[in-house]
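Student: I would like to work through this model with you. Where do we start?

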Amino acid sequence: MKSKLFAVLAVATALSACSSDGGFDLSKFTTVDANASAKTRLRACLISEANTKFQNGTLFAQGLTATAQELSGTCLKKLALQSAGLGSESESMASTIIQNLQNYGTAQ
């Protein structure tokens, strides 16, 4: 499993480098149909997360193993929440909670 994650990170890094010059559209690797297999959705998530870290300059900050573990953990959690139907609902709840706290803070 780790060797596959390393391969996905390597591909994501290469693809990110290509996309930074505008000559390569990474979205075809990060956008999948809702009916796609779990493995395909996981790969898309890993590439998307790796690209985000690459663009932020943090992809290589922790080392390969730690980064692969972080990315896989993040994506597994996201996919589990989506499978349970809680992905967008949790984001909406979080936004509401933040707004309520912000309103409470400004009201005092």
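Tutor: We start with burial in helix α3, a DSSP run (H or I, at least four residues), numbered from the N terminus. Buried means under 20% relative accessible area with a 1.4 Å probe, protein chains only. In α3, the buried residues are Leu42, Ala44, Cys45, Leu46, Ile47, Glu49, Ala50, Asn51 and Lys53.

Tutor: Two notes on the source. This is a predicted model, where local features need pLDDT of at least 70, side-chain atom pairs count only at pLDDT 80 or more, and totals for chains, interfaces and linings use all residues. Residues are numbered from 1 along each chain as its sequence is written, and side-chain values use heavy atoms, without hydrogens and water.

Student: How many Å apart are the end C-alpha atoms of α3?

Tutor: Helix α3 covers residues 38–56, which is 19 residues. The expected span is 1.5 Å times one less than the number of residues. That gives 27 Å, and the end C-alpha atoms agree, at 27 Å.

Student: Which residue follows α3?

Tutor: Look just after the helix for a positive phi, near 80 degrees. The residue is Gly57.

Student: Is Thr67 buried or exposed?

Tutor: Thr67 sits in helix α4. Leaving out residues up to four places away in sequence, Thr67 touches Lys53, Leu59 and Gln62 (heavy atoms within 4.5 Å). Its relative accessibility is 1%, so Thr67 counts as buried.

Conventions. Helix = DSSP H or I, 4+ residues; strand = E, 2+ residues; numbered from the N terminus. Buried < 20%, exposed > 50% of the residue type's maximum accessible area, 1.4 Å probe, protein only.
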